[in-house]
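Student: Could you walk me through this structure and explain the terms as we go?

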Amino acid sequence: MTKWVYSFSAGRAEGSAAMRDLLGGKGANLAEMSALGLPVPPGFTITTEVCAHFYAQDHSFPAELEAQVEAAMNEIGRVAGHAFNDPKWPLLVSVRSGARASMPGMMDTVLNLGLNDETVEALANYSGDARFAWDCYRRFIEMYSSVVLGVEHHIFEEALEELKDSKGLALDTQLSADDWRAVVERFKAIVEANAGESFPQEPRAQLWGAIRAVFASWMNHRATVYRHLHNIPESWGTAVNVQAMVFGNMGANSATGVAFTRNPSTGVKELYGEYLMNAQGEDVVAGLRTPQPLTEVASRATSGEKISLEAAMPKIFGEFSAVADKLERHYRDMQDMEFTVERGKLWMLQTRGGKRTARAALKLAVDMANEGLITREEAILRVEPTSLDQLLHPTIDPAARRDILATGLPASPGAAFGEIVFNPEEAETLATSGRKVILVRTETSPEDIHGMHAAEGILTARGGMTSHAAVVARGMGKPCVTGAGMLRIDYDEQCFTVAGKRFAKGDKITIDGSAGHVIAGEVKMQRPELTGEFAVLMGWADEVRRLKVRANAETPSDARAARRFGAEGIGLARTEHMFFEGERIVAVREMILADDAEGRRAALDKLLPMQREDFKHLFEIMAGLPVTIRLLDPPLHEFLPHTDTEMAAVARAMGADPVKLRRRALQLSEFNPMLGFRGVRLAVVFPEIVDMQARAIFEAAIEAGISTGEAAQIEIMAPLVFARAELDLVKARVDAMAALVEEETGIRPGYHIGTMIELPRAALRAGEIAPSADFFSFGTNDLTQTTLGISRDDAGTFLNAYVEKGLLPHDPFVSIDQEGVGELVSIGCQRARAARPEIALGVCGEHGGDPASVAFFEKIGLDYVSCSPFRVPIARLAAAQAALGKQAEGTA
């Protein structure tokens, strides 16, 4: 018989941390903490295999599940000493999700399950606090009805606000036991009116309703969006955890909190977190109340205005500190923990690997390796390569003037500027149109995730350092300020007021997530320096990686950035990007309009010194590292004006006949320019372009070699080749120019000639082309277009639908299609090396900066990848992880 349910309690567990795939992260860690003897309330986990059955069998459960759940519930009752419907001390449970990967707040939770009209009285008698009992019951009705019965949450909130207004009260804490009793009756009436049924009174019926709802929440909208953003497969499913309730809201000797064993923003080794006295755990993570610091050090940072747990409950704080240290040492990673203190007793409700910023991840990895907790290889594997993007986010220039409007909590580092929006849908819409926005909310909820992802940064008036906004923003690498309580937000008027000033939707603000500042207008920013732990970890990564990492760069600023980020050369310099400025575009247009080769050469002679200077800068900056220069690639019509007005203006500037200009533009226009007169085809028809570019390259290399003392490593690349004869034609022109420059200067620089493999035929005929090539560089951007028959520029209208409907696992322009495009690259490598074993093989599409693609390129044996300068650190780390055998999942 299949085992669907695994029990746990302090000192005993049927599962373990190793069973994460089956029990989910939460269930596996509850089992592990129980086995370690930590104070964990008894409970059980229903496995992810039940979730798979649930969706495969029309939302039904396995036949054996009911009996196994009943046995597990009896075990909870035995350990806890009380059961459902106990007239003296009724057992209450929580029902929570728990996927393999942490998805904070994305699925549903039900607390206080087991309460009804009778057990609420028993709880009031047992606790000696009727107000507490009726407050728990109204929370349960609201949560259960929203999650299980589909009654909108806001209906309950509005009813509660009406009651408080009628009594002239502002806070929930001002309501009496009788008030809460009245709220419960009102809530039950709301359920009957909106759900068409009475609120369920039988605890086991409540339990099965909650279990079903939590499994169903795996496919809710916010969970689906979160999985898409974080590349979590739908097939993983979620487990369901049922656990005896413990209460942090049973008086002054009770509390609840969230803590990290180290600072998740900076990585500093310090207990970091927050708690609330006399509250339930959801109050902390939901950001409904601004909590208090755990430690005295943190309390002093707030001028001692808030009492720390260390001061309020020193014995409990000592116990918790010891548990935190034990968990970090056991898991050998920073832990994110939830705890409750019920009447002076500590209970551990959860531990998991804590979400962290990139800066914190680097420091944690390096520090833990230096402390001997993990090896250097493990440290390399601990940092998600794509998270390094966070380190490149701008920060506010220390010298910049700041008009600080408010100060909240520094929830997620970095700075962001944008126009104010108050709802996530508008944030998404404006961001899609290219506008930068700051999402401003009273507090965020999981439903806001699409807007948070679209926004440059997030600002909330309520919530703490571990609220939903803070945790999600840190995971996304978005700057975030929470708990800016001086903001008065009016959603109806679409504005907020602070310090006597009014800011409306569309007004511009800057937020500093490192300092917690909200600043009027735009503030000057700067990029951070990559030093310290970054340099250490990158050094360790460079020691183990095999793949070389180059950059795509054609400007001096890009080339310098590439060197700063550790690039080992330029893998793609696109010469056409040099042609669009000032006098150059005029000379290019003269060349296009020329009637014969002589006229074209005259125009190209004007471009020669400009190209030579461009290449000289690149060779000097790279100082002996390889520089791969792609010969002119795009269709010539891209350099010509398009409208009649532009045509007339260009003709006047050039002294050209506008009729001739228009006629030439029409001659060059194409129905499908991506597959038209471009690439090597330009060299075939206009070989004088190759002559000019080759001369510029060789002369620049000679000058750079003299100025730097380092011989330039020249690689000349012919684009869009599909046959060896095309490459041979280009090679003959380049060789002839090299001989001519040697004759003129007495110096013959060394050089290599190769080609971009961008067409399926070129990949399939790689063995035929290779004898003429010193290197191949797979241009996977165009190879993806030509293999899948998809235009990258036009795919936005349908690619997302393909991914959402499972027709494609991911955007093939972000992470390489390994089965199709990847197989062509693999075939090309095998056939090229069979024909020419010493040939160098690389990739120069943006796939070179995607970790999943880098892992694939390592597997098939490429020599190098090339990507944009700011993705070079990602590629370096991904290459090291690939060398260590980590298979990257998903996309960047």
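Tutor: Here is a short talk about what the labels rest on. This is a predicted model, where local features need pLDDT of at least 70, side-chain atom pairs count only at pLDDT 80 or more, and totals for chains, interfaces and linings use all residues. Residues are numbered from 1 along each chain as its sequence is written, and side-chain values use heavy atoms, with hydrogens and water left out.

Student: Why is C136 called buried?

Tutor: Buried means under 20% relative accessible area, exposed over 50%, and partly exposed in between (1.4 Å probe, protein chains only). C136 has 0% relative accessibility, so C136 counts as buried. C495, at 5%, is therefore buried too.

Student: How many disulfides are there?

Tutor: A disulfide is a pair of cysteine sulfur atoms within 2.5 Å, and by this rule the count is 0.

Student: What puts the buried residues of α19 on the same side?

Tutor: Helices are DSSP runs of H or I with at least four residues, strands are runs of E with at least two, and both are numbered from the N terminus. In α19, the buried residues are F534, L537, M538, W540 and A541. They lie on the same side of α19 because their arc around the axis is only 160°, taken from the directions from the helix axis to the C-beta atoms.

Student: What do the buried residues of α19 pack against?

Tutor: They pack against α14 (358-371), α15 (376-382) and α34 (872-883), where contact means heavy atoms within 4.5 Å.
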